Structures are given as C-alpha cells and as structure tokens.
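This briefing covers selected features of the model shown below. Topics are strands and sheets, helix packing, a pocket and backbone geometry.

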Amino acid sequence: MASSKGSGTKMVVWGLMGLLIVGLGGFGTANFGGGVTRVASVGDEDVSTNAYASALQNQMRAIEAQTGQPFSVAQAQDFGLSQQVLDQLLSQAALDAETARVGLSVGDDAVRRELLNIDAFKGLDGKFDAEAYRQALSRNNMTDKGFEDNLRKEAARSLLTGALATGITMPPSYGQVVVDWLGERRTVSVATLEADALETGAPIASDSDIQAWYDAHPDAYTAPEARRITYTWLTPAMIMDEVDLDEDALRKLYDENIDSYIQPERRLVERLIYGSEDEAQAAADRIAAGETSYEDEVTARGLDLIDVDMGDVSEGDLSSEAGPAVFALDGTGVVGPVMSDLGPALYRVNGTLAGSEVSFEEAREELAAVMGTDAAARLISGLLEEFDNDLAEGYTLEDLANETKMELGTMDWTPSSEGGIAAYTAFKQAAAEVTLDDYPEIIELSDGGIFALRLDEIVSATRMPLDEVRDQVTADWEADALQQRLTERAEALETEVATGKLITDLGLPSETFSAITRQDFLSAMPEGFMDAVFAPGLQAGGTTLIPGDSRVVIAKIDTIEPPASTDENTTIAESYITSAAQGAGTDVIDAFTKALRAREGVTINQTALSAVHSQMQ
C-alpha cells in the first residue's frame, strides 16, 4: 500500500510540473523581455514572467480544447483561473525554496532518466532523439540547461513531497463502510397505482380551478426579462445559389479525398515473426498437423495475441510478398511462411471487411456542398470590411439589409433562446453583452457567416395573459390534482400493506425486485425510487410511497442483506482506501506548502502580472 501511495503522490507533484511542460505543447512559448522578469516570489525563489505566462496559456488552451470555444485572458481572470495558476506556481516555488534550504537534490543520472522518458523527445524508433530535443527547446525559447534545471528541481520536489506522504494510510474499516453502503442488498415488492385505478377517474379542471391556479402561481406564467434585438446577418447557406462551382475543381477535391470514397477490401490480421524461414515453416507444419494452434505458437514465443495483432489492414499495408498471399486466402486461416518487412512470418486472417466505392457522381452533391460553403464563406469574408465601413459611416441595420445580401430580423432574446441565429455562440455572447449605447459592428459566425445587432430595448419580465397560457395552466392543475388523488388512495393502500395485506392482493400491477443495491438502475420506476427504498431508518417490513409520472409506487421492503462477498466488492474497498490515502497525502502536501509560503513570505508583482495579461490579450 505504501508503494501505491508514493506513486499517487508523485503524480500530484508532477501535475505542478505539468504547468511548465504539458506535453511540450506550450512551455516557454511566451517570452517577456525587458527588466520585468518575475511576477511573484516566495522568499528568494522567483516565479518568472515566462513561467507564469506559459502556465496560464497551457491552462487556457486545455479549456479551449475541452469546450471548443475561445477562452480569453479576461475570462481567465473572471473565473479565477489566473489566480489558480499563480497559486500553483507559488506552491512550486515554496517547495523549491525548501529543497534548496535543506540541500535536497538529485544527480545527473536521475535527470537523464527523466529526460529520456519524455515522449516529445523521442524519434520514430521510440528512442531519445537529441536533434528533436534541441529543436523543441529552440521553438519554445528554452535552453537545455534551463529545461534540465527544471527537471532537477521537479525531481527534488518529488523526493520532498514523497517523504511527506509516504506512510499515510487509511484503516480497512474505511473501505468496508463504503462497501456496506454501496453493496447492501434489498428485496423490494412494489405495486403501481395509476389514474385508471381511481374510482373517480382523472380530474378535469373547471374555469374556477384554472383561474385559482393561475392566480396562485404567477411565477410559472411570467415571461423572463428579454432583450429586444434587431439584427442583420448573412451566412454561406444564404448565398450558395450564387456560387459558381467549377467541375474540374470538384473532381480535384474528390481525388484529394479519394481515400474517403474508395475503401479497398481490408482483413483482420495477426502476424507472428520468426528468426528464420525454417523456424516459421516448422511452426506452420505443426499448426497444419494439428499438433499446436496459432494461439499456442504465440504463447510459446512469450507473447500475447495483442502483441501480434495488426488490426484491419489493406493489401497495400503488407509487404509485397505477404499482401497477395494474405488476400488470396478464402475465408479465415493461417498463411505462410511469407516474408514480411521484419522477416519470415505466419499470418492469421480472422475476418474480411468488404471494400466500398463511392463514385464521383455519387459524391458530387456532398463535394458541391463542401466547396460551395467554402466559396461562399470566402465571398462573405471579402465583404466583411466593406459592411463594417458602411456601419461606421452611418448605415443602419435596415440600410444594410436593403442594400446588400444581408437579411434583417428581430427577436426578444433570452439566454434560453435557440434556433436560427440564436443557435450561434457568437450571437449569444454579443446579445448578452450589447448595451443600448453600443453601435452595431460586424461580427463573424463560426460557419463563415457574419452578423451585426442592435439592442432596441430591455423588455421587463411580464406575466402572460391567462388566455395565452390557458392550456398549460389547465394541464398543470390537472396533473397536480391527479397526483393528490393518487397519493390519498396510495396512503390508504399503504396502511393495508403495513397491517399485513400482500402487495399482490391490492389489485394493482405488481412485481418484486430481488437483492437490488444502491448502484442498480430500474428504468421502469419513477425518479427517486432507489433513494426512497434505501432511505435511512427504513427496515425490513417497512413501506414507503414514491410519487411521480402521474402514478404512485407503493413499495415494501421484504428483506435486507449485507453485501455479497465478491472480488468486485473487495476491489471497491481497496480502491476507496487507496483513494482516501492519496487524498490525505495531497492535503498534507498542500498544508506543508501553505506553511512554507507563510514562513518565507509571498511577494506579488501586480504590475508584472498586469503586463503579462496585457501582452496575452
């Protein structure tokens, strides 16, 4: 268990280093010259402007990759991301200062081992490539000494934090408590009461019921505050019919993407390579004679089937000798020995994937849509500056729509608006931020379109007239009244069950769920069913009601059993113990770094931070 803890702690600490070298995809990309070299310090240990800028850029890029939307420095500040990044770097600096104070460091061999394990510096053969290393550092404004110093510091931090977290364990009872809660098994009998079981039938709302409900629930029928917006827009789809498509260009586009339209036959293939043709032939003879199987031959070589699996391949993916031999096989089986790119080999074919061909004529409509959209987007891009200048010279949105291809529209926009132009993120953001004093400007859409908008007024939240929402008010009253009647009847039936009547004798649809746990999902039951039947204090023989979906479920707990003794439950217990210990280790490291920061003192150079943020805009 201690070993597992150490590993988990090292992962936490390497997460800090990741702010500097995340996949070598952005570290050192910012380069802030001049006299400002640090944004903060812990004691004598500085956080450089480059380190902060690079770390912040990496985090922003990660968010953009996850959301697919641009993420600005201003948003990073508003959401607290910039402060989070700075806090992480300050903690890292505090640890660096402490390792220096106690004289903790690692030798060149340890740095070399870490360096050789970084994938970004490996060549096609999977080994460290000195030239790739040099080029990566050069592209990112770093020196080998600076980068290796970072590795050395990180290794020292790992030793320090590993020592802090090593030995932190959680008692076995922690995992058992979790398993007892997750794995407890209950057998539950249920009966379902619906409207057709009511003697009075489903309730029907009268005019007075409708009026009373409308008066009692004003918020339910109040339209939210809206922004009345006039907009004009132009998208590639609007001018597709004006784009001339060149047939030769369409053919060229088809040829450039031929692999998408013509798929050769592919086969599911495994390849077992031998040191000589004699060895391969001997293995083939043993398989043909039934003395061994292909799987046996793989195992005898100390390999697993996954080690020899090539996946689905085309004839062209194989060697000039192996390709024809493998694809000449009818059905499945073993082929060889034949010469592969790596030596004599036996191939096993496990299946065939038929080829497919989409002709140019069949693909033309799709190609035309792609090319037409692209051409229309370029056409719109060329008009963007002209339209922007028109607005700057005093054109209104109405003028722009009258004299150009742009289309005019109006809407009462709310954050829940959708469809049409409201489906675009750029429009949503602009509609939310525009003020009554703003002048319209051209803004680009994600599909190559453009738009401009004007805020005409802010429409206050208003209660909708009853005549406009009568159908909804009627449905709401009837649903509530039905649920009340079902609940009243279910309460009476529950009393009968509690005094000994069987669920199956209620005259309602019924069933029994045997040995279910909190982790089970019963799609036929209403929301909240599992929480209700596993409620604290509900013992064997107890009953409960679960309303929902125009029905009420009457449930009786028949039996309660402890968790089953399974490998899965054992694994769950061990996992929670390990996770809790790792979390405790992280808390210890966090508390330690906070203490270091308090002892050494933290200095923030707000001017330098503002300069970094300004340059990153």
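In which strand is the place of Pro337? Pro337 lies in strand E9, which spans residues 333-340. The model is a predicted one. The points below begin with the backbone around that proline and then move to sheets, helix contacts and a pocket.

**Backbone geometry**

- A cis peptide bond links Gly336 to Pro337, and its omega is near 10 degrees.
- Ala515 has a positive phi, near 50 degrees, although the residue is not a glycine.
- Ala515 belongs to strand E16, which covers 510-516 and stands at an edge of the four-stranded sheet described next.

**The sheet E16-E3-E18-E17**

- This is an open sheet of four strands, ordered E16-E3-E18-E17, with antiparallel pairing.
- Strand E16 (510-516) and strand E17 (543-547) each have a single partner strand, so each has one side without a neighbour in the sheet.
- On average, with direction ignored, neighbouring strands of the sheet are turned by 25 degrees against each other.
- Five bridges connect E17 with strand E18 (residues 551-561), and the two pair in the antiparallel sense.
- Within this pairing, Thr544 is placed opposite Ala555 of E18.
- Helix H19 (residues 466-498) packs on the sheet, where it touches strand E3 (185-194), E17 and E18.
- The direction of H19 makes about 30 degrees with that of E18.

**The sheet E2-E1-E19**

- Three strands make up an open sheet in the order E2-E1-E19, and the pairing is antiparallel.
- Strand E2 (45-48) and strand E19 (602-604) are the edge strands, each pairing on one side only.
- From one strand to the next, the twist averages 20 degrees.
- Strand E1 (residues 38-42) is joined to E19 by three bridges in the antiparallel sense.
- Ser41 stands across from Thr603 in E19.
- Helix H2 (residues 49-67) packs on this sheet and touches E1 and E2.
- The direction of H2 makes about 50 degrees with that of E2.

**Pairings of strand E14**

- Strand E14 (residues 450-459) runs antiparallel to strand E5 (residues 226-234), and nine bridges join the two.
- Thr232 is opposite Ala452 in E14.
- Strand E13 (residues 443-444) also runs antiparallel to E14, with two bridges between them.
- Ile443 is opposite Phe451 in E14.
- E13 and E14 form a hairpin, with five residues between the strands.
- In the turn of that hairpin, Gly448 has a positive phi of about 95 degrees.

**Helix H7 and its contacts**

- Helix H5 (residues 108-116) and helix H7 (residues 144-165) cross at roughly 105 degrees, and their axes come within 9 Å.
- The crossing angle makes H5 roughly perpendicular to H7, because angles of 65 to 115 degrees count as such.
- On the H5 side the contact involves Asp108, Val111 and Leu115, and on the H7 side Phe147, Glu148, Leu151 and Arg152.
- The residues of this contact comprise four nonpolar and three charged, with no polar ones.
- Helix H4 (residues 81-102) packs against H7 at an angle of about 85 degrees, and the axes are 9 Å apart.
- H4 and H7 are therefore also roughly perpendicular to each other.
- H4 contributes Gln92, Leu95, Asp96, Glu98 and Thr99 to this contact, which meet Lys153, Ala156, Arg157, Leu160 and Thr161 of H7.
- The contact of H4 with H7 consists of three nonpolar, three polar and four charged residues.

**The second largest pocket**

- The second largest pocket holds about 420 Å³ of space.
- The pocket is lined by 15 residues, of which Gln69, Pro70, Gln75, Thr425 and Gln429 are the closest to its centre.
- Helix H18 (residues 425-433) gives the most to this lining, with four residues.
- By class, the lining comprises six nonpolar, seven polar and two charged residues.

Key: Residues numbered from 1 in each chain as written. Predicted model: local features only at pLDDT ≥ 70, side-chain atom pairs only at ≥ 80, totals over all residues. Heavy atoms only, no water. Axes fitted to C-alpha atoms, helices over the stretch in contact; angles between N-to-C directions. Parallel < 35°, antiparallel > 145°, perpendicular 65-115°, else oblique. Contact = heavy atoms within 4.5 Å. Nonpolar A, V, L, I, M, F, W, Y, C, P; charged D, E, K, R; others polar. 1 Å grid on protein atoms, 1.4 Å probe; cavity = no way out; pocket = protein on both sides within 12 Å on 5 of 7 lines; lining within 4 Å. Points joined across faces, edges and corners; volume = space filled by probe spheres on them. Pairing = 2+ DSSP bridges.
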